[in-house]
Amino acid sequence: MTRAAVRPEEQEAAAATPEYEKAANRAASRRGLLLSLPAYAYLVLFFAVPLGIVMIYSFATRNRFGGTDLSGWNLEAYRKLGEPIVRDILFRSLWLAILTTLICLAVSYPFAYFMATRTPLLRNVMLVFVMIPFWTNFLVRNYAWRVLLGNDGLFTNITEAIGLGERELLFTTSAVVIGLVYGSLPFMVLPLYASIERIDLSLVEASRDLYASGFQTFRRILFPLSMPGVIAGSILVFVPSLGAYVTPEILGGAKTTLLGSYIVTQFLTARNWPVGASLSFVLMAVMLVATVVYFRTGGRNL
Amino acid sequence: MSSTVQPRGTTKIALSVHSWLVYIFFFAPIFVLIVFSFSDDRNVGRWGGFTLEWYQGFFDHSQIQSAVWVSVRVALLSTVISVVLGTLAALALERFKFRGRQVFDALLYLPIIIPDVTMAVMMLLFFAEFFELLEAWFNLDWQKGFGSITISHIAFNISFVSVVVRARLAGMSEVLEEAALDLYATRWKTFRYVTFPQIMPGVAGGALLALTLSLDDVVVTQFAAGPGATTLPVFVFGLIRRGVTPLINATSVLMLAASVFLVALSLAFQQFSGRGGRPLLRGAREAVSTPNNQIKKEIYQ
């Protein structure tokens, strides 16, 4: 029990006998429970119960009418995840999420290093300008790319003007990756910056003094020391990219169906709720593992 | 900082060019969107002269207008409720040990890390079952709409508010609360005059975050919305899937302006609440900078 939670008379009592100490502990426990009760009850009813329902549905069977039979649990829906169509989508989502993470890392690292070596004032200005797009509406940011890349969009006009012919990127995998990178770049920049800024840069100096090349210094000193930021940023980019729904819907086409869209389709059009539910569960499991790794590597402190 | 740490020569030039490119990548799409929302051409990629007709269209579009009001009402209601619940939860977790604390802590983190799509599916199935039960047990014919959207937004907002408030509470010494209690302030008075003024910036920050998240959400809302009501982002998402129009450009720019306004508000709240401003803001600022005054007032009263 925390000290602030003890009233003076309780404190004296606690000093007197273990009996009173127990009573004081119980009182604090009651207060804590009472304070947390509204949110606790709300989250159990409107979060834990829905999660349980999804789990039950993932073990259920789809009937001939597109409905779901909840009796007779089985693993059919999970077995379906091994089928070629679903497996392709899983691998494609995984691949695009990894690609997005690597591009974000490659783009953000030099940027974050440059930012960390500026004067404090310039750093803050640079940070604010990274934060602005991060704070703006996610849907709008994706839509902006649709305008840029679309049929008769600025991108097509530019490729035509410089003689590359009428190139169109919209509804391709490239467009989806651009959108994903755009949406998650700040999530990579911020943890990287935070961890590089914290490094004692005299170590870099020492390395250079001892005749290490710039690349050697980066590989043996700077990069290992910035590892917490690299891991934290990669998880923050990888996880949402894996479950992305809005970006592929707006920028992708029929050939670029990803996990998120596939799950939604199972509920809205294909009406195979058990498969949709089991995929949502798999997605959540990946997310939980990533979160545990994130906290273990100290991402919380960044 | 020494000279070997500072990038020099071509390295420096390359890094600085790279940074500019990153910023261009960040802002070019937004800039293009804003410019073309004023273009008098049905084709969004061609400049056809300046016009405000798309903004006029936004205000004349009855479906958009009703979606805007649903969005605003959902955002305000879900923010108020989640700020109260989230702040209480933060206090309980940071200041007390109680049975089931760890389970609660974990449950509170889940809505933040859960994928949007999974949460959306949860809401879809939950409301399907819930309304079926209502129908079967109480013969109530409820539809998804304003109520279900608000319920789902509160479910994720509680967690975000409590995280922000907890961060504030964790950085705050318990000495002041102890002092107030030692001086026979009641628990309520201690909260009202000592704890609350100090966590006020956290509460306000949490509220603005909740407001922004609620106004921005598409995926969860899409599954919780029904024929009864839909929010602006969900409506716009539906429009986008049918194609790009200048009307969507104008609507997007207005949504952009709304989020920028909210961020500016939260920054202003954190930075400048001490200089002038409303009494509430000033009070919060003073409580943070000179907490001893609050205690003194309590003692001498």
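Is Leu208(B) buried or exposed? Select this residue to begin the tour: Leu208(B) is buried, because 20 other C-beta atoms lie within 10 Å (a residue is buried if 20 or more other C-beta atoms lie within 10 Å of its own, exposed if 12 or fewer, and partly exposed in between, with C-beta atoms placed from the backbone). Before going on, note that this is a predicted model, in which local features need pLDDT of at least 70 and side-chain atom pairs count only at pLDDT 80 or more, while totals for chains, interfaces and linings use all residues. Residues are numbered from 1 along each chain as its sequence is written, and chains are lettered from A and ligands numbered from 1 in the order in which they are written.

**Around Leu208(B)**

Extend the selection to helix H8 of chain B, residues 187–216, where Leu208(B) has its place (helices are DSSP runs of H or I with at least four residues, strands are runs of E with at least two, and both are numbered from the N terminus). Leaving aside residues up to four places away in sequence, Leu208(B) touches Leu262(B), Leu265(B) and Ser266(B) (two residues are in contact if their C-beta atoms, placed from the backbone, lie within 7 Å). Add Val161(B) as well, which is 47 residues from Leu208(B) in sequence and 9.0 Å from it in space, C-alpha to C-alpha.

Now show helix H3 of chain B, residues 62–95, whose axis comes within 9 Å of that of H8(B) and crosses it at roughly 140 degrees (axes are lines fitted to C-alpha atoms, for helices over the stretch in contact, and angles run from 0 to 180 degrees between N-to-C directions). H3(B) passes H8(B) in a right-handed crossing (a crossing is left-handed if the near helix is turned anticlockwise from the far one by less than a right angle, and right-handed if clockwise). Among the residues that meet here are Ser71(B), Val74(B) and Ala75(B) in H3(B), and Val203(B), Gly206(B) and Ala207(B) in H8(B). The residues of this contact divide into eight nonpolar, eight polar and no charged (Ala, Val, Leu, Ile, Met, Phe, Trp, Tyr, Cys and Pro count as nonpolar, Asp, Glu, Lys and Arg as charged, and the others, Gly among them, as polar).

**Chain B as a whole**

With chain B displayed alone, its secondary structure comes to 13 helices and zero strands. Of the 301 residues of chain B, 45% count as buried, and residues 24 or more positions apart account for 78% of the contacts in the chain with a separation of 6 or more.

**Where the chains meet**

Bring chain A back into view: the contact takes 72 residues from chain A and 80 residues from chain B. On the side of chain A that touches chain B, the largest share, 21 residues, comes from helix H2 of chain A, residues 18–58, and the residues of that side divide into 49 nonpolar, 15 polar and eight charged.

Next select helix H14 of chain A, residues 273–296, and helix H5 of chain B, residues 116–138, which pack at an angle of about 140 degrees with their axes 9 Å apart. H14(A) and H5(B) are therefore oblique to each other (angles under 35 degrees count as roughly parallel, over 145 as roughly antiparallel, 65 to 115 as roughly perpendicular and the rest as oblique). H14(A) passes H5(B) in a left-handed crossing, and the contact is made by Gly276(A), Ala277(A), Ser280(A), Leu283(A) and Met284(A) of H14(A) together with Val117(B), Thr118(B) and Val121(B) of H5(B).

**Inside chain A**

Colour chain A by domain, 3–58 for domain 1 and 83–301 for domain 2 (the bounds come from an automatic or database domain assignment). The C-alpha centres of these two domains lie 39 Å apart, and four residues of domain 1 are in contact with six residues of domain 2.

Then select helix H4 of chain A, residues 84–116, which packs with H8(A) at an angle of about 45 degrees, their axes 7 Å apart. H4(A) passes H8(A) in a right-handed crossing, and the residues of their contact divide into 22 nonpolar, three polar and one charged.

**Two loop residues**

Most residues other than glycine have a negative phi. Finish at Phe171(A), which has a positive phi of about 70 degrees although it is not a glycine, and which lies in the loop between helix H7 (154–161) and helix H8 (173–198) of chain A. Phe171(A) counts as partly exposed, because it has 19 C-beta neighbours inside 10 Å. Tyr211(A), in the loop between helix H9 (202–209) and helix H10 (214–225) of chain A, has a positive phi near 65 degrees, and Tyr211(A) is exposed, with 7 other C-beta atoms within 10 Å.
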